[in-house]
Amino acid sequence: MTKRTYEPKPLFIERMKKLLGKDFDSYMEILKKEPVRSFRCNTLKISSEVLKKRLEEKGWKIKIPFEKFPEIMIVESDLQPGELGRAIEHLLGYYYIQEIASMLPVLVLNPKPNERVLDLCASPGSKTTQIAARMENTGLLIANEVKFGRVKILAANTERCGVMNMIMTRKDGIALCKRFKDENILFDKILLDAPCSGEGTIRSTPKTLEMWNINTIKLLSNLQKSLIASAIEILKPNGEIVYSTCTHAPEEDEEIVDYALKNFNVQVEKIELPLKTVQGITKWEDKEYLEDVKYSCRVYPQNADTEGFFLVKLRKKK
Amino acid sequence: MGGNEEIVQIKMIPLKFLNKSEKEKLVRQLNEQFGIKEIPWEIARLGKERIILFSGKVSEKEIQILDRFARIEGVGVYFAKIDEKTNDLRLSIEGTQLLKNQITKNIFELDEKQAEEWMMGQDLNIATGKKGFYIIKFKDDFLGTGKISENKISNFIPKSRRLKYKEVKL
């Protein structure tokens, strides 16, 4: 089945040209290419080594792109449409189909056993299940989602992956953080994978281009600022928050980091990622951001053959 | 959870953590049915029939606070269901996987063709000479629980976990 294509809006093109400069053409080119078929071994149920061997015995050609993260795998052989999701190993929860760029926030958050972690905007659960695996089902993971329909998807995915250390809540993220603050319930680590305009997902969801709208970006930017402000309040001293989006819009990315740095007692942590990234911008249109915003990471599809992403790690000062 | 003596009831979902004696009773039943000797996590009942396991570290007070201000939609993982007629326990796929190292009895091993049919959600029309709930297994995979009667094994694989096409190789 061929994917329907959508024409990018002139303002979107103008903005991406401004962001990418000479890389714009290669960016537009890679959008036409099918995304790689990546997935993550669910180490709560099976080891990466055993899963890889098992899938290779089925005749799948499996690549482990990053030696340091053997749970991240790519299928290089041709599969039938939907075969990755229909395979018995998927149904039994041995792996989670997840785009590589979407795995990065949890690699950066680096949750550890026995920590207390909040996944504020959790559905569909790709990062929630990744967090639980890193925590080895210990500590406490609170996975929150505001929308009822999306809670069901979250529940199905966490169950399939055998996530046992989680309490799942349904509440507006800002209100939830406020109540946590009132009760002095604080977290070692928080993932804020914020609702966003999704510019980075065009390869897999071309319809994003049709829905793209500058006004939505501005509305989302306000929501994201409120979310990060609320989340920082419930971090323990020295606690860490990873803020991520799957969009390239600076209003939803660097502007949020700049807002957090200017208004709260947090600092940017330099991060290392296993693939090529571009540092955050410090100037966009008429706005100038703090110098440290450059330690944010932009993930562009043309650089690492992934979807597009943005992420930054902030630490609450003691 | 802190102590096992307290009963923590969550208002948003009908979930109740088992106290020490309730937990011991359940483990005794798991031992009788499947040889399981120990559950190292908290156990809770969800409604009348469902049992969940929770490995998170949280105090009873915190869970009550959370319950007051956030809608708790789920805790831990669905582990087993209590059969309404026999009161026997039927372990979910995750239940069998989580405790696979402890399951020593009432295991029924399938061949490849049967495993494929099982994962497609089909009852298996085979006379086994056995009766009751059996853990279903194929090679190293634990595939939930089946109810064996005279000439068939009844299937409980939920729709969302079923194989869609026969040609998919196990």
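**A tour from a helix pair to the core**

In this predicted model, begin by selecting helices α9(A) and α11(A), which are roughly parallel to each other because their axes cross at an angle that falls under 35 degrees. Helix α9 covers residues 173–182 of chain A and helix α11 covers residues 214–233 of chain A, and their axes cross at roughly 20° and come within 8 Å. If you look along the crossing of α9(A) and α11(A), its hand is left-handed.

Next, show the residues through which the two helices meet: on the side of α9(A) these are Gly173(A), Ile174(A), Cys177(A), Lys178(A) and Lys181(A), and on the side of α11(A) they are Ser226(A), Leu227(A), Ser230(A), Ala231(A) and Glu233(A). By character, the residues of this contact divide into 4 nonpolar, 3 polar and 3 charged.

Keep Ala231(A) selected and add Ile190(A), which is in contact with Ala231(A) and, beyond its neighbours within four places in sequence, also with Leu118(A), Leu120(A), Leu235(A) and Ile241(A). Both Ile190(A) and Ala231(A) are among the residues that touch the most other members of the largest nonpolar core, a set of 123 residues, and that group also includes Leu141(A), Tyr243(A) and, from the other chain letter, Leu53(B). The most is given to this core by helix α6 (residues 100–109) of chain A, with 6 residues.

Finally, move to Phe24(A), which lies in helix α2 (residues 24–30) of chain A. Phe24(A) is partly exposed, with 15 other C-beta atoms within 10 Å, and, leaving out residues up to four places away in sequence, Phe24(A) touches Met16(A) and Lys17(A). Select Gln302(A) as well: its C-alpha atom is separated from that of Phe24(A) by 9.2 Å, although the two are 278 residues apart along the chain.

Definitions and conventions
Residues numbered from 1 in each chain as written. Chains lettered and ligands numbered in written order. Predicted model: local features only at pLDDT ≥ 70, side-chain atom pairs only at ≥ 80, totals over all residues. Core = buried A, V, L, I, M, F, W, Y, C linked by C-beta atoms within 7 Å. Buried ≥ 20, exposed ≤ 12 C-beta atoms within 10 Å, placed from the backbone. Helix = DSSP H or I, 4+ residues; strand = E, 2+ residues; numbered from the N terminus. Contact = placed C-beta atoms within 7 Å. Axes fitted to C-alpha atoms, helices over the stretch in contact; angles between N-to-C directions. Parallel < 35°, antiparallel > 145°, perpendicular 65-115°, else oblique. Left-handed = near helix turned anticlockwise from the far one by under 90°. Nonpolar A, V, L, I, M, F, W, Y, C, P; charged D, E, K, R; others polar.
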